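User: Could you take a close look at one part of this model for me, the place where opposite charges pair up, if there is one? I'd like to know what sits there and how that part fits with what's around it.

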Amino acid sequence: MRLVRLYAGLFLYGAGSGLQIESNLGSAPWDVFHQGLSRHFGLSIGAWVVIVGAAVMLLWIPLRQRPGLGTISNVLLLGWFFDLTVWLAPTPDHWAVQWAYLLTGVVTVGGATALYIGAGYGPGPRDGLMTGLHRLGLSIRLARVIIELTVLAIGWLLGGVAGVGTLVFALMIGPVTQFFMKARWVA
């Protein structure tokens, strides 16, 4: 059952992120970075999710972080689930559908996070970077803010879309994830 939760969570996370990108209202900071890499260097956004995930895991070495099945699965699968969603979901041109994509994406990512973290197979590479920096003495909050603002700025400079959706994600993802983490039918 834990494996089902892990892989369902990864699939839903990729799908939610794909919907948010397709909204064209702004993406989560890491996805602004992935989108900027895609626009600047080619390859799909999902391919960059995979490449960046693997590269971030290299940063785990000096931080003495240990990957789990969830970490490796995140690197190998998340980007492909993302690309599948972008390929299947039509890009909306009406503001109401854009907002529906955005809000559905954020809620889906929050629920997916609860599923895959709750499975207990290890953090994703980006979360492991944050916890590794925490082990070196930074607070979780400071480590997260530094990482998120850095990738957001680089992604925006590379042409990724940051906008109202980025703000919505930043404000909503914590409470939505917490809601799902406490929900007995998810966690």
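Analyst: One definition before anything else: a residue is called exposed when its relative accessible area is over 50%, buried when that area is under 20%, and partly exposed in between. Keep in mind that this is a predicted model.

Here's a quick try-out of those words. Arg64 lies in the loop between α3 and α4. Its relative accessible area is 68%, which is over 50%, so Arg64 is exposed. Right beside it in the numbering, Gln65 belongs to the loop between α3 and α4 as well, but Gln65 has 15% relative accessibility, which is under 20%, so this residue counts as buried.

Now to your charges. In general, side chains of opposite charge can pair when their charged atoms come close. How many salt bridges turn up in a search of the whole structure? Two. One of them joins the side chains of Arg144 and Asp127, at 3.2 Å from N to O. Arg144 is in helix α7 and Asp127 in helix α6, so this pair ties together parts 17 residues apart in sequence. The other bridge runs from Arg144 to Glu148, with 3.0 Å between the closest N and O atoms. This pair stays within one helix: Arg144 and Glu148 are four residues apart in α7, which puts about one helical turn between them. Both distances pass, because the cut-off for a salt bridge is within 4 Å.

Put the two together and you get a network of salt bridges linking Asp127, Arg144 and Glu148. Arg144 takes part in the bridge to Asp127 and also in the bridge to Glu148. Are the acidic partners buried or exposed? Asp127, at 19% relative accessibility, counts as buried, and Glu148, at 14%, counts as buried too. Arg144 itself comes out at 34%, so it is partly exposed.

That brings us to what's around the network. The largest pocket has a volume of about 850 Å³. It is lined by 35 residues, and those closest to its centre are Tyr13, Arg144, Glu148, Phe169 and Ile173. So two members of the salt-bridge network, Arg144 and Glu148, are on that list. Several helices share the work of building the lining: α1, α2, α4, α5, α6, α7 and α8 each give two or more residues. By type, the lining divides into 20 nonpolar residues, nine polar ones and six charged ones.

Two of those lining helices come up again on the surface. Phe11, Leu12, Leu84, Trp87 and Leu88 form a nonpolar patch there, with about 520 Å² of accessible area together. The elements that give two or more residues to the patch are α1 and α4, with the largest share, three residues, coming from α4. Phe11 is found in helix α1. Why can Phe11 count towards a patch? Because patch residues need over 30% relative accessible area, and Phe11, which is partly exposed, has 34%.

Helix α5, also on the list of lining elements, offers a neat contrast. Val107 is found in α5 and is partly exposed at 35%. Val109 is in α5 too, yet it is buried, with a relative accessible area of 1%. Val109 and Leu19 are 90 residues apart along the chain, but their C-alpha atoms are separated by 9.9 Å. For Val107 and Gly118, 11 residues apart along the chain, the C-alpha separation is 16 Å.

Last, a backbone footnote on the loops. Most residues other than glycine have a negative phi. Arg64, which we met at the start, has a positive phi, near 60 degrees. Leu43 has a positive phi as well, near 70 degrees. Leu43 sits in the loop between α2 and α3, and at 54% relative accessibility this leucine counts as exposed.

How values were computed. Residues numbered from 1 in each chain as written. Predicted model: local features only at pLDDT ≥ 70, side-chain atom pairs only at ≥ 80, totals over all residues. Heavy atoms only, no water. 1 Å grid on protein atoms, 1.4 Å probe; cavity = no way out; pocket = protein on both sides within 12 Å on 5 of 7 lines; lining within 4 Å. Points joined across faces, edges and corners; volume = space filled by probe spheres on them. Nonpolar A, V, L, I, M, F, W, Y, C, P; charged D, E, K, R; others polar. Patch = residues over 30% accessible without salt bridge, like charges linked within 9 Å, V, L, I, M, F, W, Y side chains within 5 Å. Areas by Shrake-Rupley, 256 points an atom, 1.4 Å probe, with all protein chains shown as cover. Buried < 20%, exposed > 50% of the residue type's maximum accessible area, 1.4 Å probe, protein only.
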